[in-house]
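Here are a few exercises to work through with the sequence and the 3D view side by side. Try each task before you read its solution.

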Amino acid sequence: MSIQVFVPAPLRPYCGGASELGIEAPNVRAALAELERRHPSLYRNVCDETGAVRRHVNLFVNTAHVRDREGLDTALMPGDVLTILPAVSGG
Amino acid sequence: MPERVMLTIGTRKGLFVAEAAKTRRSFALRGPFGPGVAVYASLIDTRGTPRLYASNCNPFFGMKVLRSTDLGKSFKETKSAPVFPKDDGRALANIWSLETGAGKKDLWCGVEPASLFRSDDGGDTWEMATSISNHEHARKWQPGAGGLCMHTIIRDGNRVHLGISTGGHYLSEDGGATFKASNSGVGAGFQPDPYPEFGQCVHKIARHEDVPGRLYMQNHGGWANWSGPGGPRPDIGVLRSDDHGKSWRTISKGLPSDFGFPIVVHPHDADTVYVMPLVPETRTCPGGAPAVWRSENGGDSWSRLAKGLPKKQSYFTVQRDAMDVDRLKSPALYFGTTTGQLWIGREGGEEWDCLFESLPPIHCVKVAVV
């Protein structure tokens, strides 16, 4: 499936400045694996070394948070947008 | 270029660098670098062309190491940061210590969960030291309030001392190839056995490089009134070893509290040591009146240094790496507070001035003359 990955501004230095990346992946897990292969530094910002998505990083498929779908097994359809966003938190 | 005094100040909101002439009359501040991201460890590497390093503990996107090759005018991420092997099961939560290794570009890095990483290329690549990171005790260590951190790395030839909260003091005598818990005389207050083999909440260890067999430790004290199993355990907080850390004895007598975090040794006198006693319940200075306490006889007696410091209504904490001393002929001490003040204690702490009043909460302070 050909999808777009939206990269937030703080992470663009880890993928050559790109704000969007076009990749082929049938689900979110495969999309992350493809990111790891093509942009390992970007991937390391999104997932820790155990492979878990970092606690304060949220992944959305179009407008739905993946936790409200099937998590990393959420299927991707052609034209979907996988958005990486840091959580709103801090102080 | 004349020698300058450089300070790295790691805060909750990034790294600041302060610079002064050797007179230390006024410091120019720049930063924050890695803005908005907490810095728990920094290093001023004065071997050859000085390099500055800082951890960049990003809660969103993970840990990074920052490096400056222009005396702290700019910083860039190193090519990689420490990372556990994929099949290890642990994930890096913080970077707590950065120290130089034996080789010109060697760096050692203590992290949370307590593990040791080494780099031989100035921080661009890192390898986990399995000798301590996979030590048979490692999965039994418990996190202290600050996390399960490896905060102290002291190298002395083939000897390596590590401080872990809560794991205790670990000693290697083969350059780090193997480590043994070395906590004889180091008490613990939060378990029935007052003197366990390991698991002590060591807060910081320091030594004078010319007297490597003597070490000073600020341990987690404040257990004099404990009435539970094992009974009270007074004076376990400030300790000294004279046999390369194989055994330890208290030097807490005379202090208003044996609880505290940093411990610093005078650069020209191994008998002179500084601590900052804190009330264990609040982790602030007794009576709201901050003071550094100094011993000039290796811990046999202590005197209070507070000239210029607030006399009341000051309730801050000075964290384990937030006090340091420079190496000038008449050295100055520096400490940073959780309320964002950076203090200088001129003449070895005899007279204190506040250099910066409103920085973010300060985690670590390092000083070097470059």
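**Exercise 1. Work out how many residues each chain gives to the contact between chain B and chain A, and sort those of chain B by character.**

Solution. Keep in mind that this is a predicted model. Start with the count: chain B contributes 10 residues to the contact and chain A contributes 11. Next, sort the side of chain B that touches chain A: 7 residues are nonpolar, 2 are polar and 1 is charged.

**Exercise 2. Find out how chain B is divided into domains, and describe where they touch.**

Solution. First, place the bounds: domain 1 of chain B covers 1-114 + 321-370, and domain 2 covers 129-317. Their C-alpha centres are 21 Å apart. Then count the contact, which draws 30 residues from domain 1 of chain B and 25 residues from domain 2 of chain B. Now look at the elements on the domain 1 side: those giving at least two residues each include strand 8 (94-100), strand 9 (107-112) and helix 2 (346-349) of chain B. Finally, the residues on this side of domain 1 of chain B comprise 13 nonpolar, 9 polar and 8 charged.

**Exercise 3. Decide whether the radius of gyration of chain B agrees with that of a compact globule.**

Solution. Begin with the expectation: a compact globule of 370 residues would have a radius of gyration near 21 Å. Chain B has 19 Å, so the two agree. For the overall dimensions, the C-alpha trace of chain B spans about 55 × 55 × 40 Å along its principal axes. To finish, 52% of the 370 residues of chain B count as buried, and the chain holds 2 helices and 28 strands.

Conventions:
Residues are numbered from 1 along each chain as its sequence is written. Chains are lettered from A and ligands numbered from 1 in the order in which they are written. This is a predicted model: local features need pLDDT of at least 70, side-chain atom pairs count only at pLDDT 80 or more; totals for chains, interfaces and linings use all residues. Domain bounds come from an automatic or database domain assignment. Two residues are in contact if their C-beta atoms, placed from the backbone, lie within 7 Å. Helices (H or I, at least four residues) and strands (E, at least two) are DSSP runs, numbered from the N terminus. Ala, Val, Leu, Ile, Met, Phe, Trp, Tyr, Cys and Pro count as nonpolar, Asp, Glu, Lys and Arg as charged, and the others, Gly among them, as polar. The radius of gyration is taken over C-alpha atoms; the globule rule is 2.2 Å times the number of residues to the power 0.38. A residue is buried if 20 or more other C-beta atoms lie within 10 Å of its own, exposed if 12 or fewer, and partly exposed in between; C-beta atoms are placed from the backbone.
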